[in-house]
Amino acid sequence: MIPFEKKELDGGEDKAVIVHPDLGSLGQNALEYRLEEAIGLALAIGLETTSAQYFGVRAPKPGTLFGSGQVDQIKTILAQDDANILIVDGTLSAIQQRNLEEELKVKVIDRTGLILEIFGARAATAEGRLQVELAHLDYQAGRLVRSWTHLERQRGGFGFLGGPGETQIESDRRMIRDRMAKLRKELSHLRKTRTLHRSRRQKAPWPVIALVGYTNAGKSTLFNRLTGAEVFAEDLLFATLDPTMRQFPLPGYDKAIISDTVGFVSDLPTQLVAAFRATLEEVTAADVIIHVRDISHASSDGQARDVEQILSELGVDLEEGEGAPIIEAWNKIDLIDSDDPDSIQLPEHIPDNVCPISAATGQGVDALVEMVTTNLSRNHNIETVTLPLSDGKRLAWLHENGRVLESEQENDALILAVQMSNRNWGRFHAL
């Protein structure tokens with residue numbers, strides 16, 4: 001068992017024991033960080049974690065995942081802690097979940113169920129609720145397992161922490177299929193609407209910047225710092241679920257649009273990736289992607305790999321020079337103690353696409369904005385334009401849609417060196 005800070009929300013009644021099945025793929029430090037993350041996930045829905053422990057599982061048991069001796073150990077821990085919920089920080093089959101519940105006499109949920117529970121509690125917009133419900137139903141479809149009577153016990157669905165409802169399996173499956181078909185149809189309409197909005201933005205000269213990153217990396221804090229918005233930001237996993245878009249001032253542009261997306265996590269349920277694909281497509285259409293990393297976290301590199309894997313699944317080209325440029329914002333540098341040689345330190349050589357920042361204090365944020373501007377103008381062309389002094393309309397248009405690098409007056413004309421995208425040059429010449 002590893003030491004951890006006991007966390008409890010006011011009024012919390014449910015007590016949970018967390019166990020992680022160690023299949024040998026993670027090192028000692030990674031196991032401890034994984035347990036800490038599971039504690040944070042439990043805290044996100046108001047559960048008091050009384051114990052967190054990992055068990056070595058050499059050969060997963062088809063019926064219970066853990067060996068019989070380990071199941072007895074878990075039963076003892078549950079009794080000692082007077083806990084009524086067991087969280088398995090891994091994936092359980094429906095049979096394994098049922099057998100563990102029958103053996104341990106407590107509610108059992110796996111990592112996927114826990115994350116879906118958080119998303120179900122946090123979804124605020126109509127689209128978010130539809131996406132979460134679809135993911136719930138997709139998960140629930142595989143959780144209909146036989147009980148000992150002619151009725152069937154239903155697993156999953158909304159409210160994993162509540163008691164199980166008993167319905168007939170075939171009736172449930174038919175209802176789930178019908179409901180999922182209806183949800184997919186509604187989400188399809190929303191997806192078309194989102195595509196229309198995206199195409200309209202692409203016709204406008206405003207660049208789109210997308211924030212991505214591991215959950216709790218500080219994306220919403222950076223979003224609020226750049227836009228002056230008040231998006232919910234707290235030291236809590238999945239504090240932000242519904243994506244938000246706002247405009248913010250960007251040097252050399254009339255304005256820019258920035259998008260705050262849902263945070264990623266290791267082993268993010270495939271049902272959620274599929275359900276939120278329409279929302280996350282905003283990332284694939286962005287002009288610049290800012291990958292926000294909690295550089296003060298000891299597992300920052302592993303978190304970055306998890307984010308890159310999900311971005312790759314979404315179709316984002318991570319190769320340099322291909323697709324939208326990706327900037328890494330190494331956040332929370334204010335938490336790094338440079339005087340402590342045993343603590344995490346920034347490397348001496350920082351890559352060109354990296355900007356160390358503190359979204360909380362504002363340190364380095366101006367440099368990040370400048371880096372965004374530089375990347376946006378990387379593929380822009382510079383042309384020399386001569387305008388009569390009386391042509392205020394086109395002069396204003398150039399200032400709004402491009403970067404005026406030099407300006408010189410000669411007689412009754414202005415000679416300008418302007419940097420703009422090819423698309424905007426085409427629009428300008430059409431004027």
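This report describes the confidence of a predicted model, one of its helices and one buried lysine.

## Basis and confidence

Residues are numbered from 1 along each chain as its sequence is written, and side-chain values use heavy atoms, with hydrogens and water left out. Because the model is predicted, local features need pLDDT of at least 70 and side-chain atom pairs count only at pLDDT 80 or more, while totals for chains, interfaces and linings use all residues.

The mean pLDDT (the predictor's confidence in each residue, from 0 to 100) of the protein is 80, and 82% of its residues reach 70 or more. Among helices (DSSP runs of H or I, at least four residues) and strands (E, at least two), numbered from the N terminus, confidence is highest in strand 3 (residues 85-88), at a mean of 95, and lowest in strand 6 (residues 152-154), at 46. Over residues 146-154, pLDDT stays under 50, as is also the case over residues 1-12.

## Helix 4

Helix 4 (residues 111-122) has 12 residues and should span 16 Å, at 1.5 Å times one less than its number of residues, which agrees with the 17 Å between its end C-alpha atoms. Of these 12 residues, 10 are buried (under 20% relative accessible area, with a 1.4 Å probe and protein chains only), including Arg-111, Glu-117 and Arg-122.

## Lys-219

Lys-219 lies in helix 7 (residues 219-227). Lys-219 is buried yet has no salt bridge (a side-chain nitrogen of Lys or Arg within 4 Å of a carboxyl oxygen of Asp or Glu), and the nearest side chain of opposite charge (Lys and Arg count as positive, Asp and Glu as negative, with His and the chain ends not counted) is Asp-260, 5.3 Å away. Leaving aside residues up to four places away in sequence, the contacts of Lys-219 (heavy atoms within 4.5 Å) include Tyr-214, Asp-260 and Val-292.

Technical notes
Buried < 20%, exposed > 50% of the residue type's maximum accessible area, 1.4 Å probe, protein only.
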